[in-house]
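These are my notebook entries from a session with one structure, kept in the order in which I looked things up. I began with the terms and then turned to the model itself.

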Amino acid sequence: MTQTLANTDTAAEAKSPTYERTPTELMPALGDCALLLDIDGTLLDMAPTPREVWVPPELATALGRLLQLTNGALALVSGRSINDIDLIFAPMQFPAVGGHGAEMRLTPDNESVASHAPPLDKELKRRLAAIAKLSPGILLEDKGYSLALHYRLAPHAEKAIYDAVSAIRADLPNAPIEVLPGKFVCEIKHAGFTKATGVIELMTHAPFTGRRPVFLGDDVTDESVFAIMPGMKGLAFSVGRHALGVDGHFSDPDEVRAWLVKLVAGVKS
Ligand SMILES: [Mg+2]
């Protein structure tokens with residue numbers, strides 16, 4: 001068995017449900033909605049390493065137009081830092097919730113604001129970083145607000161990684177940290193903020209406030225946002241895996257990109 005923990009975490013995974021209406025049919029007018037989009041595995045195909053992701057030109061064009069058509073109410077919502085997001089989409093910049101809610105930027109050219117957490121403790125980072133030595137192919141990514149151990153290139157090391165993280169946590173029972181399992185990644189971050197807390201705060205600011213949020217995400221960490229959409233009169237769409245309680249589903253990032261291009265063109269299907 002080389003299945004990932006993320007994939008075996010089926011608590012919030014639905015079995016291929018059918019939806020009465022398509023995302024296109026459900027969508028409010030662009031002038032009334034806030035488009036909130038996860039990046040990796042939602043807009044972009046997963047790559048062997050986080051640095052190797054690629055932004056197709058038609059996606060960049062569509063996002064730029066959607067930012068205009070929503071009067072600025074489009075935000076990228078990611079575990080990546082906003083600095084990292086800007087490198088990926090350069091030269092374009094977008095409003096964003098970065099670092100799983102640790103930082104936020106309301107307009108494309110503003111400074112990032114609302115940092116809710118200091119960077120992870122250095123000693124803790126040092127101990128977590130040593131886990132990367134368990135096997136060749138484990139990639140360590142220091143995101144500042146969090147630390148990620150990627151094992152897409154070493155899937156056999158999954159259990160050893162989570163065991164080692166558990167041992168460190170047992171050693172530091174009072175450390176305010178939490179572990180986020182993802183797709184071939186084990187991420188450790190400060191407790192107390194999530195993508196959901198970031199989205200809730202974002203939606204209190206212009207131009208997002210008063211609009212219906214529409215969130216697309218693919219991973220375990222996106223479930224906190226799926227869960228708050230009904231209370232915000234929003235829509236939640238999962239990508240790839242079928243998450244419970246969402247309003248619809250896209251099979252992969254390719255389908256998401258095609259849908260966004262259609263939204264720009266105003267084509268109903
Ligand atoms: Mg994702």
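Before placing anything in a loop, I fixed my terms: helices (H or I, at least four residues) and strands (E, at least two) are DSSP runs, numbered from the N terminus. I also noted that this is a predicted model, and I read everything below with that in mind.

**Entry 1: overall build**

I looked up the secondary structure and found that the protein comes to nine helices and eleven strands. Its radius of gyration is 18 Å, close to the 18 Å that the globule rule gives for 269 residues, so the protein is as compact as a globular protein of that length. The C-alpha trace spans about 50 × 40 × 35 Å along its principal axes. I noted that buried residues make up 41% of the 269 residues, and that, of the contacts with a separation of 6 or more, 60% are accounted for by residues 24 or more positions apart.

**Entry 2: domains**

The domain assignment gives domain 1 as 34-42 + 53-116 + 193-265 and domain 2 as 122-190. Taken over C-alpha atoms, the centres of domain 1 and domain 2 are separated by 25 Å. Eleven residues from domain 1 and eleven residues from domain 2 take part in the contact. On the side of domain 1 that touches domain 2, I found three nonpolar, six polar and two charged residues.

**Entry 3: backbone exceptions**

I kept in mind that most residues other than glycine have a negative phi, and that most peptide bonds are trans. Where, then, is proline 91? I found proline 91 in the loop between helix H4 (82-89) and strand E3 (96-98), and the peptide bond that leads to it from alanine 90 is cis, with omega near 5°. The peptide bond from alanine 206 to proline 207 is also cis, with omega near 0°, and proline 207 has its place in the loop between helix H7 (195-202) and strand E9 (212-217).

I next looked up positive phi values in residues other than glycine. Phenylalanine 184 has a phi near 55° and is found in the loop between strand E7 (177-182) and strand E8 (185-190). Lysine 233 has a phi near 55° and is found in the loop between helix H8 (223-228) and strand E10 (235-239).

Is each of these two residues buried or exposed? Phenylalanine 184 has 20 other C-beta atoms within 10 Å, and because the cut-off for a buried residue is 20 or more, I entered phenylalanine 184 as buried. Lysine 233 has 10 other C-beta atoms within 10 Å, and because 12 or fewer counts as exposed, I entered lysine 233 as exposed.

**Entry 4: helix H9**

Helix H9 (residues 253-265) has 13 residues and reaches 18 Å from its first C-alpha to its last, close to the 18 Å expected at 1.5 Å a residue. Which residues of H9 are buried? I listed Pro253, Val256, Arg257, Leu260 and Leu263. Seen down the axis of H9, these buried residues fall within an arc of 115°, so they line one face of the helix. An α-helix has 3.6 residues a turn, so residues three or four places apart point the same way. On the other side of H9, Asp254 and Ala265 are exposed. The cover over the buried residues of H9 includes helix H3 (57-69), E9, E10 and strand E11 (248-250). Just after H9, I noted that glycine 266 takes a positive phi of about 70°.

Technical notes: Residues are numbered from 1 along each chain as its sequence is written. This is a predicted model: local features need pLDDT of at least 70, side-chain atom pairs count only at pLDDT 80 or more; totals for chains, interfaces and linings use all residues. Domain bounds come from an automatic or database domain assignment. Two residues are in contact if their C-beta atoms, placed from the backbone, lie within 7 Å. Ala, Val, Leu, Ile, Met, Phe, Trp, Tyr, Cys and Pro count as nonpolar, Asp, Glu, Lys and Arg as charged, and the others, Gly among them, as polar. The radius of gyration is taken over C-alpha atoms; the globule rule is 2.2 Å times the number of residues to the power 0.38. The expected span of a helix is 1.5 Å times one less than its number of residues. The arc is that of the directions from the helix axis to the C-beta atoms.
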